Each structure stands twice: as structure tokens, then as C-alpha cells.
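This briefing is meant for a reader who is new to the structure shown below. Please keep the sequence and the model side by side while going through the points.

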Amino acid sequence: MKHDVLVDTKGLACPMPIVRTKKAMKDIEPGSVVQIQATDKSSTADLKAWAQKAGHDYIGTAEEGDTLKHYLRAAGSRVEEAPSFPHVIDNEGLQTAIQNNEPMTILDVRETNEHEGAHIPGAQSIPLGELETRIQEVDKEKTVYVVCRTGNRSDLAAHTLSKNGYTQVVNVIPGMSKWKNEGGK
């Protein structure tokens with residue numbers, strides 16, 4: 001596919017594909033097509049969700065060997081990205097809630113292989129790219145603490161949950177990149 005701007009994020013993990021894409025799209029003309037090359041499998045769901053949040057068009061993704069080529073079209077008019085999710089807690093706050101046995105759902109929105117590598121004990125795994133189709137699996141009656149590696153995907157997931165009627169949603173920052181897992185996997 002023809003593109004106007006190329007963003008190389010090969011070898012980088014979340015949140016860097018979005019960070020680099022956001023920076024590249026800051027100064028381009030509306031309607032321009034951006035190709036983002038990535039090797040992080042979670043970048044597909046991340047970029048699709050970020051594009052929607054920021055008002056850009058997600059065109060699609062093509063695989064070429066180990067490289068994913070994502071295509072976005074810059075918004076037709078300058079739009080402000082939706083604000084970060086307003087309800088956040090740090091890792092220590094979530095640790096305290098767990099120790100106090102508060103009724104909760106911990107929703108891990110990282111890719112399945114990331115969750116299998118290490119996760120918070122009892123966390124429910126629904127990758128961000130599957131959340132819209134599996135959202136009914138998340139209990140609306142409990143506070144939902146959303147976690148990812150750095151807080152970026154969980155921010156997008158928290159917005160999705162909120163838009164779908166979930167009223168007790170909290171984004172966990174910084175997430176698994178700094179999680180101290182006591183007795184977990």
C-alpha cells in the first residue's frame with residue numbers, strides 16, 4: 001500500500017509503537033497515510049484502539065514475515081486525542097486492595113503470551129484486541145482494575161469498558177512493567 005510517512009518500530013514493545021506513531025503524526029497533513037512497521041504482535045490492537053481514540057482512521061495491517069505493517073490515515077481535521085482515563089491507581093494501591101480482599105476483577109489486557117509469562121494471581125486475561133467481542137465476560141458488579149505492561153493498553157481498555165456501561169473501572173499504572181508479584185506466576 002502506498003504511504004506518505006514510514007514509522008519504524010521494529011523490535012520495540014508497548015507503548016513505543018504508539019509513542020513513535022503519535023510523534024510522527026503530529027505534523028503531517030490530514031489524509032496522509034502512515035505505515036507503521038512493527039514486530040510486537042500486540043501493536044495491532046494497540047494501534048487500532050489508539051487511532052480510534054485519537055480520531056485517525058485505522059486502514060488495516062499486512063504481515064510480511066515477522067514484520068507487521070500497519071496503515072493509518074491522519075484525521076481530516078486536527079482533533080484532540082481523548083483524555084487519559086480519569087480513574088487510575090498505582091501498583092501499590094492495587095496491592096493494598098488485593099491484601100484487603102476487596103471484591104474486584106483484575107483484567108489483564110496484554111496478549112495471551114505476555115499473561116502466561118507473568119501475571120497478577122487471579123487476573124482474567126482478555127487481550128485488548130478481543131475485548132469488544134468478549135466484554136460480557138467481565139463482571140459489571142465488581143470494580144474492574146485494568147492492567148497491561150505500562151498503562152497504555154489498559155487506558156484504552158478502560159475507555160472501552162466505560163463506553164459499554166461499566167461504572168467501576170480503574171486503570172492500573174504503571175502495570176506489569178513494575179509489578180512485584182508475590183506468590184504469583
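Strand β6 (residues 104-108) is covered on both faces, with Met104, Ile106 and Asp108 on one side and Thr105 and Leu107 on the other all buried, where buried means under 20% relative accessible area, exposed over 50% and partly exposed in between, using a 1.4 Å probe and protein chains only. The model is predicted, so local features need pLDDT of at least 70 and side-chain atom pairs count only at pLDDT 80 or more, while totals for chains, interfaces and linings use all residues. Residues are numbered from 1 along each chain as its sequence is written, and side-chain values use heavy atoms, with hydrogens and water left out.

**Strand β6 and its partners**

- Helices (H or I, at least four residues) and strands (E, at least two) are DSSP runs numbered from the N terminus, and two strands pair if DSSP finds at least two bridges between them.
- β6 runs parallel to strand β8 (residues 143-147), to which five bridges join it, and Asp108 has Val147 as its bridge partner in β8.
- β6 also runs parallel to strand β7 (residues 124-125), here with two bridges, and Asp108 stands opposite Ser125 in β7.

**The sheet of four strands**

- An open sheet of four strands, with mixed pairing, follows the order β1-β2-β4-β3.
- β1 and β3 (57-64) stand at the edges with a single partner strand each, so one side of each is left without a neighbour in the sheet.
- Neighbouring strands of this sheet are turned by 20° against each other on average, direction ignored, where axes are lines fitted to C-alpha atoms, for helices over the stretch in contact, and angles run from 0 to 180 degrees between N-to-C directions.
- Helix α2 (residues 43-54) packs on the sheet and touches β2, β3 and β4, its direction making about 5° with that of β4; contact means heavy atoms within 4.5 Å.
- Helix α1 lies across β1, β2 and β4 (67-73), and runs at about 155° to β1.

**Strand β1 and its surroundings**

- Side chains alternate along β1 (residues 5-8), where Val5 and Val7 point to one face and are buried, while Leu6 and Asp8 point to the other and are not.
- β1 pairs with strand β2 (residues 33-38) in the parallel sense over four bridges; Val7 stands opposite Ile36, and Asp8 has Gln37 as its bridge partner.

**Nonpolar cores**

- The largest nonpolar core, meaning a set of buried Ala, Val, Leu, Ile, Met, Phe, Trp, Tyr and Cys residues joined through side-chain atoms within 4.5 Å, has 19 residues, and those with the most contacts inside it are Leu107 and Leu161.
- α2, β8 and α6 (152-163) each supply at least two residues of this core, and the largest share, four residues, comes from α6.
- Leaving aside neighbours within four places in sequence, Leu161 is in contact with residues including Leu107, Leu131, Val144 and Val146.
- A second, separate core of 13 residues includes Met25, Leu47, Ala54 and Leu72.

**Asn171**

- Asn171 is found in strand β9 (residues 169-173) and counts as buried at 1% relative accessibility.
- The side chain of Asn171 reaches the backbone oxygen of Gly151 at 3.3 Å.
- Not counting residues up to four places away in sequence, Asn171 touches Phe85, His87, Val88, Ile89, Val146, Gly151, Ser154 and Asp155.

Conventions
A polar contact is a pair of N or O atoms within 3.5 Å; within protein, one must be able to donate a hydrogen and the other to accept it, and residues adjacent in sequence count only if both atoms are side-chain atoms.
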